[in-house]
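Here is a short report for a reader meeting this structure for the first time. Take a look at the chain, then read on.

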Amino acid sequence: ADGSQRPIRDLRIGDLVRTETGTAHIRDIIKGREPELVRIGPRSGNLVATGNHPLFTDKGVKRCSEVVVDDRLRTEGGCVAIEASSSLRTARDGNLTLGKAIGCVSHDFEVYNLVLDGSSVFFANGLLVGDDNEQGRLMRSSDEIRSSASVPAELLAEAERLRRDSM
């Protein structure tokens with residue numbers, strides 16, 4: 001919160017992080033393991049996160065795996081555009097389809113997610129991301145759309161395509 005940056009693995013419960021409106025205390029840190037992460041390459045640097053981690057654009061929240069070239073990611077100073085990078089490879093692995101602006105990093109990674117007091121968003125590597133509560137909301141809203149048995153599958157697919165096109 002003093003403007004310095006530390007790796008997420010070095011943060012502790014009670015530490016302050018920068019948010020859209022100031023700062024928030026870390027209430028909990030959730031640790032896990034992931035076999036694959038995505039690397040997002042905006043002009044200002046890189047963010048490495050799980051494919052389902054929420055990332056805020058100028059048009060709303062997206063999963064990291066849904067970010068593509070020319071998306072404008074929210075930063076403390078406004079927005080920054082994603083640009084293509086020849087050092088990042090695209091991949092399709094299982095259900096994770098990565099856009100052109102994202103690289104896939106495979107390994108057995110230890111991952112961290114924060115739970116904040118008084119906010120559900122914070123800045124990581126200068127980009128506005130969501131905490132564990134925000135990720136849960138994003139996952140539930142996607143699952144509710146997919147699990148709606150009363151809506152024909154073709155209509156759900158069209159709605160998902162339109163949602164992605166509008167971001």
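The accessible surface of the protein chain comes to about 9,400 Å². Carbon and sulfur atoms account for 47% of that surface. The model is a predicted one. The chain has 167 residues, and 41% of them count as buried.

**Overall build**

The protein chain holds twelve strands and two helices. Read from the N terminus, the order is β-β-β-β-β-β-β-β-β-β-β-β-α-α. Contacts in the chain often span long stretches of sequence. Of those between residues at least 6 apart, 57% join residues at least 24 apart.

**The nonpolar core**

Which residues have the most contacts inside the largest nonpolar core? They are I40, L55, L73 and L114, in a core of 22 residues. Several strands feed this core: β2, β3 (47–49), β10 (102–116), β11 and β12 each supply at least two residues. Strand β2 gives the most, with five residues.

L114 deserves a closer look. Leaving aside residues up to four places away in sequence, L114 touches I8, L11, V17, I26, D28, I29, F122, D131 and D132. One of these partners, F122, belongs to strand β11.

**The β11–β12 hairpin**

Strand β11 covers residues 121–124. V121 and F123 point one way from the strand, while F122 and A124 point the other way. Buried or exposed, how do these four residues count? All are buried.

Strand β12 spans residues 127–130 and runs antiparallel to β11. Four bridges join the two strands. A124 stands opposite L127 in β12. Two residues lie between the strands of this hairpin, and N125 takes a positive phi near 50°.

**Salt bridges**

Side chains of opposite charge can pair when their charged atoms come close. How many salt bridges does a search of the whole structure find? The search finds eight. Three of them are listed here, including the distance between the closest N and O atoms.

| Salt bridge | Closest N and O atoms |
|---|---|
| D15 with R6 | 3.1 Å |
| R74 with E20 | 2.2 Å |
| K62 with D71 | 2.7 Å |

Take R74 and E20, which form a salt bridge. R74 lies in strand β6 (residues 72–75), and E20 sits in the loop between β1 (16–19) and β2 (22–40), so the pair ties together parts that are 54 residues apart in sequence. R74 is partly exposed, at 27% relative accessibility. E20 is also partly exposed, at 44%.

The other two pairs can be placed by their surroundings. R6, the partner of D15, is partly exposed, with a relative accessible area of 45%. K62 and D71 form a salt bridge, and both of these residues are buried.

**Cysteines**

A disulfide is a covalent bond between the sulfur atoms of two cysteines. How many disulfides turn up in a search of the whole structure? The search finds zero. The cysteines can still be described by their exposure. C64 is buried, at 0% relative accessibility. C79 is partly exposed, with a relative accessible area of 32%.

**In brief**

This predicted model has twelve strands and two helices. Its largest nonpolar core has 22 residues, and strand β2 is the element that gives the most to this core. The salt bridge between R74 and E20 ties together parts 54 residues apart in sequence.

Technical notes
Residues are numbered from 1 along each chain as its sequence is written. This is a predicted model: local features need pLDDT of at least 70, side-chain atom pairs count only at pLDDT 80 or more; totals for chains, interfaces and linings use all residues. Side-chain values use heavy atoms; hydrogens and water are left out. Buried means under 20% relative accessible area, exposed over 50%, partly exposed in between (1.4 Å probe, protein chains only). Contact means heavy atoms within 4.5 Å. Accessible areas come from the Shrake-Rupley method with a 1.4 Å probe; for residues, only the protein chains shown count as cover. A salt bridge is a side-chain nitrogen of Lys or Arg within 4 Å of a carboxyl oxygen of Asp or Glu. Two strands pair if DSSP finds at least two bridges between them. A disulfide is a pair of cysteine sulfur atoms within 2.5 Å. A nonpolar core is a set of buried Ala, Val, Leu, Ile, Met, Phe, Trp, Tyr and Cys residues joined through side-chain atoms within 4.5 Å.
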